[in-house]
Amino acid sequence: MECPYCGAQAIWRDSSIIYGQNYGQVWICSRYPTCDAYVGCHGDTKTPLGRMANAELRAWKKKAHAVFDPLWQQGDMERGEAYEWLMGELELPRAECHIGMFDVDMCERVIWAVVGRIGRERVQSILRAFAG
Ligand SMILES: [Zn+2]
């Protein structure tokens, strides 16, 4: 796999280089930490959980989850319904509708979709709590 940020080769290895201890296998840029892109894998396989992400994209994905997840965790929808709704908003097939696979642009679209559903103030308060 090639790093989508710098084009260097990605290496499959354990994640201790990132976390100080091993939480499972990752694909990580061979230029790490100069380039800090990586992605976790399913168990001990070489199958990535999404696209390789740098710090900026990781932050956006956390924000997208922080505003989206309450829709089904505490809202009026079941998890499946919430993803159905998101699919419609983003015009994506279900197989591609995973925040883990999104780029920064798609994460922003998730946040705007949720703004459209629950309103800007509630989204801002989630993001404020999240940032703090
Ligand atoms: Zn890289």
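1. Two residues are in contact if their C-beta atoms, placed from the backbone, lie within 7 Å. With that meaning in mind, one may begin with the domains of this predicted model, in which the chain is divided into domain 1, covering residues 1-52, and domain 2, covering residues 55-131. Four residues of domain 1 are in contact with four residues of domain 2, and on the side of domain 1 that touches domain 2 there are one nonpolar, one polar and two charged residues. The C-alpha centres of the two domains, domain 1 and domain 2, lie 24 Å apart.

2. As for the chain in outline, there are five helices and three strands, and reading along the sequence gives the pattern β-α-β-β-α-α-α-α. The C-alpha trace spans about 40 × 30 × 25 Å along its principal axes. Of the 132 residues, 20% count as buried. Among the contacts with a separation of 6 or more, 39% are between residues 24 or more positions apart.

3. The three strands deserve a paragraph of their own, for they form an open sheet in the order S1-S2-S3, with antiparallel pairing. Strands of a sheet pair through backbone hydrogen bonds, either parallel or antiparallel. S1 (10-14) and S3 are the edge strands, each of them pairing on one side only, and the twist from one strand to the next averages 20 degrees.

4. The pairings can be followed residue by residue. S1 is joined to S2 by five bridges; within this pairing Ala10 stands opposite Cys29 of S2, while Trp12 has Trp27, also in S2, as its bridge partner. On the other pairing, S2 is joined to S3 by three bridges, again with the strands running antiparallel, and here Val26 stands opposite Gly40 in S3.

5. Is S2 largely enclosed or largely open to the outside? Four of its five residues are buried, so S2 is largely enclosed by the rest of the structure. Trp27 offers a detailed view of these surroundings, since, apart from residues up to four places away in sequence, Trp27 touches Met1, Ala10, Trp12, Tyr38, Val39, Cys41, Pro48 and Met52.

6. Trp27 appears again in the largest nonpolar core, which has 24 residues, and where Trp27, Tyr38, Met52, Ala64 and Phe68 touch the most other members. At least two residues of this core come from each of the following elements: strand S2 (25-29), strand S3 (38-40), helix H2 (55-73), helix H3 (79-90) and helix H4 (104-118). H2 gives the most, with six residues. Where does this core lie with respect to domain 1 and domain 2? Both domains give residues to the core, so the core lies between them. In soluble globular proteins, nonpolar side chains tend to be buried together.

7. Ser15 is a useful residue to place carefully, and its position is in the loop between S1 and helix H1 (16-19). To count as buried, a residue needs 20 or more other C-beta atoms within 10 Å of its own, whereas 12 or fewer make it exposed. Ser15 has 17 other C-beta atoms within 10 Å, and is therefore partly exposed. Leaving aside neighbours within four places in sequence, Ser15 is in contact with Asn22, Tyr23, Gly24, Gln25 and Val26. Ser15 and Trp27 stand 12 residues apart in sequence, and their C-alpha atoms are 8.7 Å apart in space.

8. Two features of the backbone should be looked at with care, and they are best read against a general expectation. Most residues other than glycine have a negative phi, and most peptide bonds are trans. Between Tyr32 and Pro33, however, the peptide bond is cis, with omega about 5 degrees, and Pro33 lies in the loop between S2 and S3. The other feature is at Glu91, a residue other than glycine whose phi has a positive value, near 55 degrees.

9. Where is Glu91 in the chain, and is Glu91 buried or exposed? Glu91 lies in the loop between H3 and H4, and because there are 8 C-beta neighbours inside 10 Å, Glu91 counts as exposed.

Notes:
Residues are numbered from 1 along each chain as its sequence is written. This is a predicted model: local features need pLDDT of at least 70, side-chain atom pairs count only at pLDDT 80 or more; totals for chains, interfaces and linings use all residues. A nonpolar core is a set of buried Ala, Val, Leu, Ile, Met, Phe, Trp, Tyr and Cys residues joined through C-beta atoms within 7 Å. Domain bounds come from an automatic or database domain assignment. Two strands pair if DSSP finds at least two bridges between them. Axes are lines fitted to C-alpha atoms, for helices over the stretch in contact, and angles run from 0 to 180 degrees between N-to-C directions. Ala, Val, Leu, Ile, Met, Phe, Trp, Tyr, Cys and Pro count as nonpolar, Asp, Glu, Lys and Arg as charged, and the others, Gly among them, as polar.
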